[in-house]
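This report is written for a reader meeting the structure for the first time. It moves from the definition of strand pairing to the overall layout, then to the sheets and the cores.

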Amino acid sequence: MDIKPRYRRSCADYLRLYLNLDGPEVNEYSKHDHELCGNITDLDQKTYFSKDRALIMEFHSDKGFGNFTGFKGRYRFIDKTQFKTSGLKKDGFPCSYDFHSFHNNTKGYFFSPLYPQNYPANSKCSYTFYGHAIDERVKIIFMNIQLQQGTDPRNCDTNTDYIIIYDGLDSYARKKQVLCGLRNNELVVSNASNLYIEFRSDSTIQGKGFGATYEFIPKNIIPTQLPYYVVPRKSLLEKFDISKEQFCKERFCFLCDDRVEPTISSSRFQMS
Ligand SMILES: [Ca+2]
């Protein structure tokens, strides 16, 4: 993108994005969600998602001259049902869910609100996991976390958007872990049969949020995650709408868990 830059906080030339439409049309009363101008390197966010089936972009240039090339982008239609949280939504709460272990249903997915769109400002969501008291644990893998980053990426106390995990059924239980910023492939395992997770955001700057898997597992199994150098199989990356490059950003991924036997050969070997 190379569009005339912002002058006194407003864009003379711009690309507007309408992401939260009920249908494929806009009029003079429609409110855009983003107004982009300047160079691509100035953008905090480069990927956008619509709420439903329609997304409209409006490109405008004024009468002034300038030597700017405009914009170019990629688009893709994705199945929104794949981002549905598997649990039971709690009545009266916008983004709180209960997950119960049933003999034929012991695993699923959960997401931050609106994922993969940015989560709303001032979110307060909870995810409560109820395993069988005697013989189960809860295993969570946060595949993708993209929250507003604080001043110190290693210290979640500097973050205003975060995920807190408690080893129990509510926030009075022992605090187990806090996750924030940009992370992926984070494994969390409960000590006992329950787990309580809270997600919070403040009033400014939002991110894509998080997508995670959960599974109720037998207590005697020590769960493992994929080693840090392995990329999860393609179908799982697609499930969370995360690219291999994004997943491997802070890792040195060199093996693929694509469930296909890898081959190795000497140079010029003729495959039969
Ligand atoms: Ca925020």
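Two strands are taken to pair if DSSP finds at least two bridges between them. With that in mind, lysine 124 stands opposite arginine 200 in β15, and this pair belongs to the contact between β9 and β15, which run antiparallel and are joined by seven bridges. The model is a predicted one.

## Overall layout

The chain has 272 residues, of which buried residues make up 25%, and it contains two helices and 18 strands. Taken along the principal axes, its C-alpha atoms fill a box of roughly 70 × 65 × 40 Å. The chain is divided into domain 1, covering residues 1-77, and domain 2, covering residues 84-256, and the centres of domain 1 and domain 2, taken over C-alpha atoms, are separated by 31 Å. Among the contacts in the chain with a separation of 6 or more, 71% are accounted for by residues 24 or more positions apart.

The UniProt record, in an unreviewed entry, places the feature "domain: CUB" at residues 95-217. In the model, the span 95-217 is 0% helix and 50% strand, and its end C-alpha atoms lie 25 Å apart.

## The six-stranded sheet

An open sheet of six strands runs in the order β6-β7-β9-β15-β11-β12, and its pairing is mixed. The edge strands are β6 (88-89) and β12 (174-179), each of which pairs on one side only. Further in, strand β7 (residues 96-100) pairs with strand β9 (residues 124-130) in the parallel sense over five bridges, and within this pair phenylalanine 99 stands opposite phenylalanine 129 in β9. On the other side of β15, strand β11 (residues 162-167) is joined to strand β15 (residues 194-200) by five bridges, the two strands running antiparallel, and isoleucine 165 has isoleucine 197 in β15 as its bridge partner.

## Strand β10 and its partners

Which strand has eleven of its eleven residues buried? This is strand β10 (residues 136-146), and because eleven of its eleven residues are buried, β10 is largely enclosed by the rest of the structure. Strand β10 pairs with several other strands, and the table sets out the partner strands, the bridges and one residue pair for each.

| Partner of β10 | Bridges and sense | Example of bridge partners |
|---|---|---|
| β16 (residues 209-218) | ten bridges, antiparallel | valine 138 and phenylalanine 216 |
| β14 (residues 186-189) | four bridges, antiparallel | isoleucine 141 and leucine 187 |
| β13 (residues 182-183) | two bridges, antiparallel | glutamine 146 and leucine 182 |

## The nonpolar cores

The largest nonpolar core has 33 residues, and those touching the most other members are Ile140, Phe142, Ile163, Leu195, Ile197, Ala212 and Tyr214. The elements that give two or more residues to this core are β8 (107-111), β9, β10, β11, β15 and β16, with β10 giving the most, namely six residues. Isoleucine 197, listed among these well-connected members, is also the bridge partner of isoleucine 165 described above.

Alanine 212 offers a closer view of this core: leaving aside residues up to four places away in sequence, alanine 212 touches Tyr109, Phe110, Ile140, Ile141, Phe142 and Met143. Isoleucine 141, one of these contacts, is the residue whose bridge partner in β14 is leucine 187.

A second, separate core has five residues, including Ile3, Tyr14, Leu15 and Leu36.

## The three-stranded sheet

Three strands form a further open sheet in the order β3-β2-β5, with antiparallel pairing. The edge strands of this sheet are β3 (34-36) and β5 (56-60), and each pairs on one side only, while the twist from one strand to the next averages 20°. Strand β2 (residues 14-18) is joined to β3 by three bridges, the two strands running antiparallel, and leucine 17 has histidine 34 in β3 as its bridge partner.

Key
Residues numbered from 1 in each chain as written. Predicted model: local features only at pLDDT ≥ 70, side-chain atom pairs only at ≥ 80, totals over all residues. Buried ≥ 20, exposed ≤ 12 C-beta atoms within 10 Å, placed from the backbone. UniProt positions renumbered as here; feature names shortened; annotations may be inferred. Domains from an automatic or database assignment. Contact = placed C-beta atoms within 7 Å. Core = buried A, V, L, I, M, F, W, Y, C linked by C-beta atoms within 7 Å. Axes fitted to C-alpha atoms, helices over the stretch in contact; angles between N-to-C directions.
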